[in-house]
Amino acid sequence: MGKRRSRSQSQLLNTLTKKQKKHLRDFGEEHPFYDRVSRKEAKPQICQLSESSDSSDSESESESESEQVSGYHKLLATLKNVSEEEEEDEEEEKEEDSIVDDAEMNDEGGGSDVSVEEEMAAESAESPDNVPLSADPEGKEDGEGPPGTSQASPEEFTDAKHESLFSLETNFLEGESGDNSSLKASQGRPSKAKKPYPVSPASHRLLTTPVTKWQSCGQDVPMAGFDGFLLSQVQFLSQCLDPFLQHVNKELKEKEIQAVATNPKTTHELKWPILGQLVFSSKFQKLETFKPPKDIDLKSLHLQKPLESAWTKTNSHFLSGPQKSSSPFTPLQKELFLIMNSYRDLFYPESTALKNGEEIRHVYCLHVINHVLKANAQVLGNNSRRRSQKFGVGDDDDFRDQGLTRPKVLIVVPFREAALRVVQLFISLLEGDSKKKIIVSNKKRFQGEYGSDPEERPPNLKRPEDYEAVFVGNIDDHFRIGVAILQRSIRLYAPFYSSDILIASPLGLRTIIGGEGEKKRDFDFLSSIELLIIDQADIYLMQNWEHVLHLMNHMNLLPLDSHGVDFSRVRMWSLNNWSKYYRQTLLFGALQDAQINSVFNKYCVNMQGQVAVRNVPMTGSISHVLVQLPHVFQRMEAENLASVIDARFNFFVNKILPQYRDAVMSHTLIYIPSYFDFVRLRNYFKKEELNFTHICEYTQKSGISRARHFFLQGEKQFLLFTERFHFYKRYTIKGIRNLIFYELPTYPHFYSEICNMLRATNRGEEATWTCTVLYSKYDAQRLAAVVGVERAAQMLRSKKNVHLFITGEK
């Protein structure tokens with residue numbers, strides 16, 4: 001049986017194009033909902049790559065015979081080691097590199113015909129042991145194999161040059177030029193950097209004293225000990241006011257940490273000109289609030305030198321007219337950056353890809369680069385001072401400047417296109433006005449794997465504007481990449497433990513973190529994250545929200561391995577496992593949702609406090625319904641939040657469905673946001689032998705066509721329709737006469753979109769159209785987004801069914 005299986009698998013692999021093989025080897029799955037317009041779908045199969053088709057260890061028979069396990073669980077449970085024998089195989093390495101190069105250059109064929117099960121099985125067969133360390137399924141390509149492995153040949157791609165170039169331990173900050181002089185010196189090349197001025201031991205002790213020991217920065221600083229060099233009093237006071245130094249050097253006390261669990265959350269509301277209603281909150285004793293100034297100066301923001309001029313150029317296309325000369329920020333960016341720069345947690349639920357998504361991405365990328373440059377400059381400066389022999393170094397606590405692992409920033413984005421734009425912004429911010437290009441290693445490979453081919457998108461695909469804005473470019477949702485930054489150089493595909501910034505999707509991180517009881521799992525690289533950015537959080541509700549919760553449960557835990565860290569350089573609050581109280585979390589999304597609010601309230605415990613934007617919608621999306629349609633909002637009662645699911649199902653089965661069983665009430669579409677509710681209703685409809693069909697995100701294209709045809713012709717009375725399918729496809733369903741919202745939509749504008757589908761077939765049946773909506777008191781946020789906050793408050797107080805009639809807008 002084993003030979004037959006391997007023979008059939010090899011035949012299947014031979015039919016794949018080069019691009020498909022590359023996709024199977026690298027990622028293990030394609031985006032599951034990519035539109036296939038002209039290609040016939042392949043029958044789902046589970047296959048495993050043979051030994052000759054990839055550079056992975058052959059699996060044992062016990063692992064290969066577990067066919068009952070789903071491909072997704074295989075992906076999570078069977079990350080395999082890269083064998084030394086295959087790493088030393090010169091011919092296989094060259095052949096593999098040529099396949100990758102050909103696929104990138106030719107880009108022929110499409111990966112859309114490969115089933116999800118095949119791709120996940122391929123990932124489970126080829127994922128190497130050093131994936132968690134290198135963030136690269138082919139980690140050996142960067143020369144980051146296990147210690148002691150020999151390189152196949154001099155022609156094999158290695159990154160040893162960049163490894164030493166971006167190492168914080170072997171680089172030193174010499175002088176204040178801000179260029180790569182220290183890096184050149186570390187490589188054995190002559191450096192033109194100026195030599196440090198002579199400093200007396202007393203002066204050095206003063207300069208290296210942590211800011212926390214100078215709490216009163218307004219005091220007179222003894223300038224005589226500075227030997228006429230380094231910092232003037234003004235510069236020293238300016239450093240004391242740097243928000244970065246104030247944040248990382250602030251020392252919490254044990255009693256403050258113990259009181260966090262019992263302290264009630266203190267809140268205070270303020271209204272800002274652009275952001276609107278803000279809620280400042282904190283579980284620590286002191287809650288500080290502030291209002292934005294009318295004008296801000298870049299120098300007052302304590303940006304690193306290369307960023308002051310670079311930001312003005314990078315952000316220029318968002319500025320126009322007199323605003324361009326008066327401020328380098330837009331009004332929205334100014335208020336957002338003031339909160340970010342104060343190192344408070346931030347939740348902004350009004351970020352949309354169509355409206356202001358790029359504007360917000362620019363400002364948080366500025367904050368990320370500013371934070372990383374400051375952190376690395378502190379480490380490099382302390383390296384130089386420790387290296388110098390002109391004065392004694394007595395107290396190692398003066399040089400505690402890093403965490404237990406190097407990664408400082410984690411950016412979670414849903415698609416590869418977003419990761420591509422983030423890296424492009426990093427490059428733009430570091431280059432600035434300088435004519436000299438910065439060093440970007442592995443840039444060509446990155447553009448090939450994260451870029452997109454316009455010809456792959458079907459030309460006849462017409463979707464709403466917000467859909468086009470979300471699903472632009474490469475929409476693969478399984479990726480992870482490490483980025484190392486040192487002065488004016490960027491290294492892409494850096495190993496995770498040699499990276500400053502990690503950019504990944506929730507699924508990409510989930511496959512590394514693994515689950516409880518799995519042998520191959522790693523989450524130590526999350527131990528010292530100081531800045532967490534979750535962008536487009538609403539999209540993760542449509543992907544798999546469990547991956548986000550799994551990630552948050554593994555943030556800032558003590559690492560299981562030391563990873564070569566110098567404990568004398570680790571900050572005390574990191575050693576005390578207090579990193580989560582110093583982590584800043586920036587959460588951006590397009591809507592107010594209970595699950596997103598829960599993550600912000602539960603996992604964000606920053607000692608600086610939290611800021612949440614809480615603007616209530618005055619007009620709901622029901623105002624955009626263009627058809628004359630009566631809306632009946634049926635209120636159901638539930639004892640608590642845990643019983644809402646059962647209460648809704650019983651209410652629908654006993655109160656709503658009997659009204660639509662009659663053949664007169666045909667052409668009824670039931671909109672279901674939750675997939676679990678969809679499965680429950682589908683099983684009930686089958687049990688009761690009702691005349692129905694269904695469409696969900698896992699329905700094949702042929703099944704979708706049949707269901708739409710039967711529903712339009714009236715051969716099927718009911719159509720069960722999931723929200724995730726509507727999110728990923730946006731098909732127009734024709735023939736709807738009766739509409740039931742089993743639950744209010746996650747996205748408010750989906751309500752008007754579904755209602756407006758009734759006008760797709762105009763046969764003079766407007767008088768018979770109906771729309772019924774189920775809601776409870778726990779749906780207050782979604783209800784307010786649909787009908788408006790004032791009307792929602794009245795509906796929740798009245799406890800009666802509400803009948804609304806929308807006349808439609810012309």
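Reader: In which helix does M572 lie?

Author: In this predicted model, M572 lies in helix α25, which spans residues 572-575.

Reader: Why is M572 called partly exposed?

Author: The relative accessible area of M572 is 40%, and because the term covers values between the limit for buried, under 20%, and that for exposed, over 50%, M572 is partly exposed.

Reader: What makes the nonpolar surface patch that includes M572?

Author: The patch, of about 250 Å², is made by F567, M572 and L575; a residue in a patch must have over 30% relative accessible area, and M572, with 40%, therefore passes that limit.

Reader: Why is N383 called buried?

Author: N383, whose place is in helix α18 (residues 357-387), has a relative accessible area of 8%, and since buried means under 20%, the term applies to N383.

Reader: What does the side chain of N383 reach, and why does that pair fit the distance limit for a polar contact?

Author: The side chain of N383 reaches the backbone oxygen of L168 at 2.6 Å, and because the limit for such a pair is 3.5 Å, the distance fits. Leaving aside neighbours within four places in sequence, N383 is in contact with L168, E169, N171, F172 and R569.

Reader: How do you know that C755 does not form a disulfide?

Author: The closest cysteine sulfur to that of C755 is in C771, at 4.3 Å, and because a disulfide requires the two sulfur atoms to be within 2.5 Å, the pair is too far apart for a bond. A search of the whole structure likewise finds 0 disulfides.

Reader: Are C755 and C365 buried or exposed?

Author: C755 is buried, with a relative accessible area of 0%, and C365 is buried, also with 0%.

Key. Residues numbered from 1 in each chain as written. Predicted model: local features only at pLDDT ≥ 70, side-chain atom pairs only at ≥ 80, totals over all residues. Heavy atoms only, no water. Patch = residues over 30% accessible without salt bridge, like charges linked within 9 Å, V, L, I, M, F, W, Y side chains within 5 Å. Areas by Shrake-Rupley, 256 points an atom, 1.4 Å probe, with all protein chains shown as cover. Salt bridge = Lys/Arg side-chain N within 4 Å of Asp/Glu carboxyl O. Helix = DSSP H or I, 4+ residues; strand = E, 2+ residues; numbered from the N terminus. Buried < 20%, exposed > 50% of the residue type's maximum accessible area, 1.4 Å probe, protein only. Polar contact = N/O pair within 3.5 Å; in protein donor to acceptor, adjacent residues only side chain to side chain. Contact = heavy atoms within 4.5 Å.
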